[in-house]
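Let's walk through this protein together, one region at a time. Keep the 3D view open and turn it as you read.

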Amino acid sequence: MKYRKLIEKMTLEEKASLMSGKDFWQSMDIQRLGINSMFLSDGPHGIRKQAAAADHLGLNPSIPSTCFPTAATIANSWNQGLGEKLGEFLGEEAVSLKVNVLLGPGINMKRNPLCGRNFEYFSEDPYLAGKMAANYIKGIQSKGISACVKHFAVNNQEERRMAIDTIVDERTLREIYLTAFEMAIKEGGTKAVMSSYNMLNGTYANENLHLMQDILRDEWGYKGVVVTDWGGSNDRVAGLLAGNELEMPTTGGETNIDIENSIRSGEIKEEVLDECVDRILDLIFTTEDVFKQSSEDFNLDKNHRMAQLAAEESIVLLKNEKNILPLKPGTKVGVIGDFAKNPRYQGAGSSVVNPTKLDKTFECLDESGIVSLGYAPGFKRYGKKSSKLIREACELAQKAEVVLLYLGLDEATEAEGLDRQNMKLPQNQIDLLEEVSKVNSNIIAVLSCGSVVEMPWIYKVKGLLHGYLGGQAGARAMLRIISGDVNPSGKLAETYPISYEDTPSFNNFPGKEVTVEYREGIYIGYRYYDTADIEVLFPFGYGLNYTTFEYSDIEVNREGVTFKIKNIGKFAGKEVAQLYIGCTSKNIFRPAKELKGFIKVFINAGETKKVTIPFDDKTFRYFNVKTNKWEVEEADYEIMVGASSRDIKLTDVIFIEGTGASLPYDKYKLPSYFSGEVKNVSEDEFEALIEKKLPEAKWDRSKPLGYNDTVAQCQYAKGAVARFAFKLISFAYWFLRKIGKRKTANIIMMSIYHMPFRGIARMTGGVINMPMVDGILMMANGHFFKGLNHFLKERRKMLKNNKIKSASKVEKISTEAAKER
Ligand code: BGC
């Protein structure tokens, strides 16, 4: 232990006190020993430091900071150097705001396009997400503070995120859902990890010994701190045993007492706590030095320009019929669509940043050389179809040479705590497009969405640019692409299926009651579409450019692959070349191809560059469930270099000796996995994959409600009051949506509907404790008066205890002061 001497000076109470927050955002301090609090702030694409009212849903404003593009956007840049640079900027802002731990990046896999938080995550591919995350972390931590990679692990749906039990097989867990975390830890060196709310195969993530000990600590050698997601602690002692040091936010000391009691009773050894204290101290001491140096305010303009550059690198050109883009200077455009005036530049929830400034398309048009004939909103962001707005838009479109049509998803659709209901753009926007296309066929659609949308309307537009959520300078960045000042170089970090029904987890998303079954296994995103040969709208890794690249001269050796790329077009540009690997043996089921490397290179017009993508420890490995280890199968491997997963330019084959492990699967029991056609895997086959019986997926409605049941489950509670409360909440939600207050309705869903009962204690900072929750549960379970009585009695007890505690604190302080005198 690094701080043994200091720890020896601490009382048991002091040690336990460090294991949970002091308030909503700070860890506990012990001033007599010179131990300060740490400030933790969201994250991930800007600093959300709340000076006054605190919340984890992005409701109250924070101190202004630069709003950079979200992770889903930056992933499209495929630029690792950019990731690191952004990390440095984030780190610098965090330092100037005295934030020790920046709560990001978020690196959960995009298992399904409807996960409400996809805008905050990088990719459907673990290698791309892992590389980007590792670079963010390096950048952030180079400034002397800590990143906090989240949410560990398999947190891939927002509905019931605090209670859902994810059922996933070990190989899928390792290859798909943990690889990016492994890279964030081993390559990025993150000092903090945030555990996720959900359960993994029956145990809460932060209590899961397999996840937290076997994998995180023993296999990956992680020495840092694990922080719970806010309010995500269930059994504090079980969490501590699994090595979860910090519970956030404060519980008013309630769970510290659980820790103290468990040590006094011998349930856990004091050394376990000491080790946790040691790691917390290390995080505190190694992230506060930087505040002792004189810190300057960050440079708003410089950082705004960085946000712009990051957005420029990440915009994806999806369609460019007859080279309608870039627009020539002087082109007369009609600007249509509410998003041109009110940019959608970030998602909703805990990641909401209060930007230092905000570029708007209309205000940046002049400098782009494009001539605007005017603006028409065309639709109401939250409203129904408006014939008047459509008429005005068509009048403008008629006069214009080209229509710039700004479409997208609104802030209430893509939000933390909720999943999207479908993959469509709002109908009023599609209606507008339909009408505008009748009067002007030169339409360039500009999309602002944090994730995938269906595009049955695509043939009506000639140009299509996707800016994702481009941060505070996204609007200007987009215009620079439209005008040709910047050549687009972004490529999709996720596949665009033709329709939602095509997605591999279509039948198993989201988990609605007890469990969510990952029946598609390792086949998420392109791993599925490319193996099962499903037609897609845009493949993974796809993106156009104003120039054209030619690939040649592939050479493969044991170290990696080398090839040439020539820019045969008229513009200088950047190309993202991707390395995919496919195993030719059919002994172990595998995706047809998997991304194992990528490079982004700048090439002048007419120039040729020779590039190398090295192989690494991930190139040929697979996780063998029999040996419980990463193994390599002896086989010929196809080496594919492509401009996207469906545009393979060069191929070769290399023979690789294996590790000789026995084959893990019985082919006949797993036909869907061997064919890749995993949309309808039967219960039996999935059980064969996970090698156990599936747990009950539905709620047991006969059981009384307990700590981990959610408010939504009051629908079948024994107590009439609870059922009535459920009806009231559901009605409020329905009514608020009906009257167009979707954001307020969302808050009900996020903060009440899906909240487990224990969350009432965990999220109220000690105002309501667990014995009081017992009273609430009694009421819900049909013992109203007994429960109310219990609740009030426990409340009185708590208030009395608090009084005694503060009196003894005052006494202690005055005795110490007297001693000093
Ligand atoms: C989110 C975390 C976030 C935390 C604090 C939670 O609701 O899941 O990502 O860091 O709140 O705001």
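Two strands count as paired if DSSP finds at least two bridges between them. Strands themselves (E, at least two residues) and helices (H or I, at least four) are DSSP runs, numbered from the N terminus. Before we use these terms, note that this is a predicted model, in which local features need pLDDT of at least 70 and side-chain atom pairs count only at pLDDT 80 or more, while totals for chains, interfaces and linings use all residues. Residues are numbered from 1 along each chain as its sequence is written, and side-chain values use heavy atoms, with hydrogens and water left out.

Let's begin with a small sheet. Strands of a sheet pair through backbone hydrogen bonds, either parallel or antiparallel. In the open sheet S1-S2-S3, three strands are joined by parallel pairing. Strand S1 (40–41) and strand S3 (146–147) are at the edges and have a single partner strand each, so one side of each has no neighbour in the sheet. Strand S2 (residues 101–102) is linked to S3 by two bridges in the parallel sense, and Val101 has Ser146 in S3 as its bridge partner.

Another open sheet has four strands in the order S8-S7-S5-S17, with mixed pairing. Its edge strands, S8 (203–204) and S17 (515–517), each pair on one side only. Strand S7 (residues 199–200) and S8 are antiparallel partners over two bridges, and here Leu200 stands opposite Thr203 in S8.

Now step back to the domains, whose bounds come from an automatic or database domain assignment. The chain is divided into domain 1 (307–517), domain 2 (547–663) and domain 3 (711–809). Between the C-alpha centres of domain 2 and domain 3 there is a distance of 53 Å.

For a look at domain 1, find Val316 in strand S10 (residues 316–320). Is Val316 buried or exposed? Buried means under 20% relative accessible area, exposed means over 50%, and partly exposed is in between (1.4 Å probe, protein chains only). Val316 has a relative accessible area of 0%, so it is buried. Val316 and Leu447 are 131 residues apart along the chain, and their C-alpha atoms are separated by 9.8 Å.

Next, follow the strands around residue 560. Strand S19 (residues 549–556) and S20 form a hairpin with three residues between them, and they pair in the antiparallel sense over six bridges. Phe549 has Asn567 in S20 as its bridge partner. S20 (residues 560–567) also runs antiparallel to strand S23 (residues 608–614), joined by seven bridges; Lys564 is matched there with Lys610 in S23. Six of the eight residues of S20 are buried.

UniProt, in an unreviewed entry, lists residues 575–645 as "domain: Fibronectin type III-like". Its positions are given in the numbering used here, feature names are shortened, and annotations may be inferred rather than shown by experiment. Over residues 575–645 the chain is 0% helix and 62% strand, and the end C-alpha atoms are 14 Å apart.

Finally, look at the empty spaces. On a 1 Å grid over the protein atoms alone, a cavity is a set of points where a 1.4 Å probe fits but cannot get out, whereas a pocket is an open set with protein on both sides within 12 Å along at least five of seven lines; lining residues have an atom within 4 Å of a point. Grid points are joined across faces, edges and corners, and a volume is the space filled by probe spheres set on the points.

How many cavities of 30 Å³ or more does the structure hold? There are eight. The largest has a volume of about 180 Å³. Of its 20 lining residues, Arg344, Ser448, Gly474, Ala475 and Met478 are the closest to its centre. The second largest cavity has a volume of about 130 Å³, and S22 gives the largest share of its lining, three residues.

The second largest pocket has a volume of about 990 Å³. It is lined by 35 residues, with Thr413, Gln421, Asn422, Arg737 and Arg742 nearest its centre. H21 gives the most to this lining, with four residues. Both domain 1 (307–517) and domain 3 (711–809) supply at least three residues to the lining of this pocket.
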